[in-house]
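Here are my notes for a colleague opening this model for the first time. Please keep the structure on screen as you read.

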Amino acid sequence: MIYIYRHKRNELQVYNRLIMQNTLKKVGLGILVLLVVIQFIRPEKNIQTAKATHHISKLYPVPVAVEATLIKACYDCHSNNTYYPWYNNLQPVAWWLNHHVDEGKHEINFDEFANYRIAKQYKKMHECIEEVEEGEMPLNSYTWIHKNAILTNEEKTTLVSWFKSIQDSIKANYPADSLVLPKKKKA
Ligand code: HEC
């Protein structure tokens, strides 16, 4: 009696295992098909061929050392041109990178800076100073791969004093009340 019971139970286990294996195979295949399909859904690249006419340098001189740092540490996410790594050809990696670029450009785009109204320019410089001083920018996920984008103390100091020089120049040329952004209306 006990033997039969055991026997049945073993049979049931074998049966369950087969179902499980079958399901796993289907799920695995599903994931594989999905991975293949999404390779064809690519976000548009952030590459502008037209010359930037509203780059920050149109308003404020950009010293060579500053430009070099911006190129290696900021422009990939804060300009109209991203230098893409090879793995941008893989999905979903490209979506993830694209999301950073979109968000980054939305926050501050050095290629569009000359278009910002003066209060926004002032505020953005304030944010840049904070981000660089606190080591929040460039993003860790970026410097993790782009080791050369890790800013040395000297580079940080150079960047921050440049941001401050822009603030000074704005303060010298515009009345104080024009530097305050109007409060956003409550939704
Ligand atoms: C890998 C992409 C990437 C790089 C490189 C990068 N940023 Fe950002 N940056 C972002 C993203 C995404 C956001 C918005 C989300 C956030 O604040 O974390 C952002 C936000 C900002 C903000 C707004 C922060 C705030 O106060 O809301 C500033 C200012 C900024 N970045 C400056 C810089 C500067 C300066 C550099 C270079 C030293 C830099 N970023 C490099 C992606 C990047």
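Where does F163 lie? The points below begin there.

1. **Starting point.** This is a predicted model. F163 lies in helix α7. F163 counts as buried, because 22 other C-beta atoms lie within 10 Å and the cut-off is 20 or more.

2. **What F163 touches.** Setting aside neighbours within four places in sequence, F163 is in contact with M125, C128 and I129. K123 is 40 residues from F163 in sequence. In space, the two are 11 Å apart, C-alpha to C-alpha.

3. **The largest core.** F163 belongs to the largest nonpolar core, which has nine residues. The other members are V66, M125, C128, V132, M137, L159, W162 and I166. Two elements give two or more residues each: α5 (118–133) and α7 (153–173). The biggest share comes from α7, with four residues. As a general background, nonpolar side chains tend to be buried together in soluble globular proteins.

4. **W162 and the second core.** W162 is another member of the largest core. Its contacts, leaving aside neighbours within four places in sequence, are P63 and V66. Another core lies apart from the largest one and has eight residues. I56, I108, F110 and F113 are among them.

5. **Overall fold.** Which elements make up the protein, helices or strands? There are seven helices and zero strands. Along the sequence the pattern reads α-α-α-α-α-α-α. The radius of gyration is 27 Å, whereas the globule rule gives 16 Å for 187 residues, so the protein is more spread out than a compact globule.

6. **Extent and burial.** Along the principal axes, the C-alpha atoms fill a box of roughly 95 × 40 × 35 Å. Of the 187 residues, 16% are buried. Take the contacts with a separation of 6 or more: 83% of them join residues 24 or more positions apart.

7. **Domains.** The protein is divided into domain 1 (1–38) and domain 2 (56–179). How many Å separate their centres? The figure is 53 Å, taken over C-alpha atoms.

8. **Ligand shell.** Now look at the ligand. It is surrounded by 18 residues. The closest are C74, C77, G104, M137 and Y142. M137 is also a member of the largest nonpolar core. At least two shell residues come from each of α3 (75–78), α4 (93–107) and α5. By type, the shell divides into 10 nonpolar, three polar and five charged residues.

9. **Q91.** Finally, check a loop position. Q91 is found between α3 and α4. Is Q91 buried or partly exposed? Q91 is partly exposed, because 18 other C-beta atoms lie within 10 Å, while 20 or more would make a residue buried.

10. **Around Q91.** Not counting residues up to four places away in sequence, Q91 touches I38, Q39 and I41. I38 is the end of domain 1 as assigned. T69 is 22 residues from Q91 in sequence. In space, Q91 and T69 are 29 Å apart, C-alpha to C-alpha.

Key. Residues are numbered from 1 along each chain as its sequence is written. This is a predicted model: local features need pLDDT of at least 70, side-chain atom pairs count only at pLDDT 80 or more; totals for chains, interfaces and linings use all residues. A nonpolar core is a set of buried Ala, Val, Leu, Ile, Met, Phe, Trp, Tyr and Cys residues joined through C-beta atoms within 7 Å. A residue is buried if 20 or more other C-beta atoms lie within 10 Å of its own, exposed if 12 or fewer, and partly exposed in between; C-beta atoms are placed from the backbone. Two residues are in contact if their C-beta atoms, placed from the backbone, lie within 7 Å. The radius of gyration is taken over C-alpha atoms; the globule rule is 2.2 Å times the number of residues to the power 0.38. A residue is near a molecule or strand if its C-beta atom, placed from the backbone, lies within 6 Å of it. Ala, Val, Leu, Ile, Met, Phe, Trp, Tyr, Cys and Pro count as nonpolar, Asp, Glu, Lys and Arg as charged, and the others, Gly among them, as polar. Domain bounds come from an automatic or database domain assignment.
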